[in-house]
Every structure is written in C-alpha cells, then in structure tokens.
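User: Can you walk me through this model? I'd like to hear about charge pairs and strands.

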Amino acid sequence: MAEMGSKGVTAGKIASNVQKKLTRAQEKVLQKLGKADETKDEQFEQCVQNFNKQLNEGTRLQKDLRTYLASVKAMHEASRKLNECLQEVYEPDWPGRDEANKITENNDLLWMDYHQKLVDQALLTMDTYLGQFPDIKSRIAKRGRKLVDYDSARHHYESLQMAKKKDEVKIAKAEEELIKAQKVFEEMNVDLQEELPSLWNSRVGFYVNTFQSIAGLEENFHKEMSKLNQNLHDVLVSLEKQHGSNTFMVKAQPRKKTKLFSRLRRKKNSDNAPAKGNKSPSPPPDSSPAATPEIRVNHDPEPASAATPGAALPKSPSQNSLPAVVVETFSAAVNGTVEGGNGTVHLDLPPGFMFKVQAQHDYTATDTDELQLKAGDVVLVIPFQNPEEQDEGWLMGVKESDWNQHKDLEKCRGVFPENFTERVQ
C-alpha cells in the first residue's frame, strides 16, 4: 500500500506538472495574440541582457585563455627540443658545456613554472568566475516560468470576478492561488534584481585582475628568459673566441669537369684556320660593316675632354677578341662608351659585361678553366658563349685586375662558384 501511495504521489506530481505546462502554454499564446496582458519589467530585462553579454564575454575569454595556454605548452616543447639539439651538438671537449647544459635545464624549468602559474592565477580563476553563471541562468529561466504562472493566476482570478454569475468559492480559491503565485515570483524576482547588477559590476574587477596576472607573469617570464639567453650568448661567444681559428669553409657547388676552354680554344682555332693554300684568312669586303665601321663623335663643351670632330676613336684592346658577328655600326660618345644597335658597350669593360661581384671567401681553382679567387677580388661577370656549358651555381667572368692589365678574355676569363661571391654592381 505504501508503494502504491508513493506511486500515487508521483503520478499526482506528474499530472500537476503537465497541467502547469499546459496552463503556461495557453497563457503565452493569449499574450502573443494580445488577448491577455503580460507583466513587464524593463529594468529586469536590461539586467538579463547584461547577464547574457557578460556570459558570452567570459566564455570567449576562457576559450582564448585556454588557446594561449596551449600555445605556451607548444612553445615549451619546441624550446625543449631545440635545447636538446644544442646539447647533442655541443661536443664534450668544448668549453662551457656544463654551463650550456645548466642553462637548458633552467630554460625548461622556467617554461614549466610559467605554464603552471598561468593555470593557477588565470585559468582556475576564470573557471571559478564562470562557474556561477549556470545557476543564475537557471534561476532566470525559472523566474520567467513563475511570472507566466502569476499572470495566468491573475487572469483567472479577474475572469471569475467579472463573470455574471459569481462563484465565491472559486473566486476565493483563485485568489489564494494568485497570492501564492505572486509570492513565489516576487521572492525569485527580488533575489535576481539584487544579484544581476552586482554580478554585472563585478566584471570590471575580474577583467583587471585576470589581465594584470597574465601581464605580470609574462613580464617576469621574459625577464628571466632574457637572462638565460644572455648567459647562453656569453657561453657561445667564449666558444667562438677559443675556436675562432677553425674557419668555416664555404664549399662550391659541384660542377661537371667539361674542360670548357679546351673545347672553346679548339673551336676558335678551327674557325680561324686558313684554307689550304692561303697563309691568312681573306679580309672582309670593303663594303662590309666589319671592314669600316661608321663612327660619329659628339662634341664635349669642355675643352679638356673634348674629342676632335670627325676623328675615329682608337680601337680598344678588347676588340681583338671580339667575334666578327658582334661588330656593328657604332656612334662614339665622349663619355667613354660606344653606342651600337644592341645597346651601350663600355670600352673599359669586357664585351658582354653584365655585372660585378666581389669574392667573400678564398677559392682554390681545381681545373685550368676556373678562376683562382682571394677574398676581396672583384670579378666582371660575362655570359657563357655557349649557355649549355654553364653548370648550376657557376658564373663566367674575368678578374677586374687581370682585365685592366691584359684586356684579353682568352687569357683571363674563367668560371667560378657563385656562392663564394656577392653582387656589388
């Protein structure tokens, strides 16, 4: 019987709850249709809007803080691996090995301490702050339901009073239910009216404390990390001083041993060899451009540097090595250049000159067609006569000092590794 009574009570509560839901649903429909008035509290509604905004801001801050902590942890792991690499490459007989190992250990401890303090002073505080929102949100929702119950009880009581045939018993019961509903609603409403503004105002202090903690922890972390980095820097400077004589050797890219100049010389000798029965090649016809280039001289207003009108410029020594196919109609200028159909040719630079480079390291030639370089040598870069002969990472050129002295490409030019030089012009 007791069990049945228990079941009966449970069934009664279920029925009561179902009835309340139906009554609330009917009341809300009537209010939306404008057939029943709704109790409004604009001040409370503003508090609810502030609450929702505060909850959203706090949730975002919590999410971003967790992302920040994940990044700190990832950075810690990357730093640890980098330090492990340093320990592996730092040879036992190098000075400062113990100091370097101690620095890497302190580096690891500093990262761990920073992460833990962020958790304790920021994340846990953040979790506590947001922990109060679910309960308040639930009470706000419950207050809304009790307000509907109150409005429903009020409308029921008013309808009984306005009926033509009044039933005093029903009116008294409706009045009792109205008073009960009003009391429950007002108790919840008063509590929330006090808590919500207080919670809203507390956000300022919370944000200040949270970001002050993060900023302070980060500042201290970077100060301590800066000291460790300076100590590591000093250790490495000491290592460099004691092993400074062990110069790091820059290596050239490997190239094919093509014996470039051997082929070029053979080809040139073959092209210039006289025909059988002739002692020398036949000169070009007088009417050909190569025989008599047309030369025009511009006048310089300054007497000291003026050229005699109509006088032909002397032939540059470099022209001895120019192939006949590149000799074209030129017009001379007093600035030391000859302008032709293909552009301006500098008389004091080798034909086809492209740019200058300066050797940054010594390079020892390993073949007869390579240039021997000393750090500081300036090389005039020229194109390969046959682009197919060029290996990746190698350039063709002539040292500026050799060119100024000999003006002979066949004698002076050679290939050299590009990564031993730096472009200067």
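Here are a few questions and answers on this predicted model.

User: How many salt bridges does a search of the whole structure find?
Analyst: Side chains of opposite charge can pair when their charged atoms come close. Searching the whole structure for such salt bridges gives 13.

User: Which residue forms a salt bridge with Arg 80, and is that partner buried, partly exposed or exposed?
Analyst: The closest N and O atoms of the pair are 2.5 Å apart, and the partner is Glu 84. Both residues lie in helix H2 (residues 42-89), four residues apart, about one turn of the helix. Buried would need under 20% and exposed over 50%; at 34% relative accessibility, Glu 84 is partly exposed.

User: Which helices hold Glu 195 and Arg 139?
Analyst: These two form a salt bridge, with the closest N and O atoms 2.6 Å apart. The pair ties together parts that are 56 residues apart in sequence, because Glu 195 lies in helix H5 and Arg 139 in helix H4 (residues 133-161).

User: In the salt bridge of Glu 158 and Arg 154, which residue counts as buried?
Analyst: Their side chains meet at 3.7 Å, N to O. Glu 158 has a relative accessible area of 33%, so Glu 158 is partly exposed. The buried cut-off is under 20%, and at 11% the buried one is Arg 154.

User: Which residue in strand E7 stands opposite Gly 397?
Analyst: Gly 397 points from strand E6 along with Leu 395 and Lys 399. E6 pairs with E7 (residues 414-417) in the antiparallel sense over four bridges. Across from Gly 397 in E7 you'll find Gly 414.

Note on methods: Residues are numbered from 1 along each chain as its sequence is written. This is a predicted model: local features need pLDDT of at least 70, side-chain atom pairs count only at pLDDT 80 or more; totals for chains, interfaces and linings use all residues. Side-chain values use heavy atoms; hydrogens and water are left out. Buried means under 20% relative accessible area, exposed over 50%, partly exposed in between (1.4 Å probe, protein chains only). Helices (H or I, at least four residues) and strands (E, at least two) are DSSP runs, numbered from the N terminus. Two strands pair if DSSP finds at least two bridges between them. A salt bridge is a side-chain nitrogen of Lys or Arg within 4 Å of a carboxyl oxygen of Asp or Glu.
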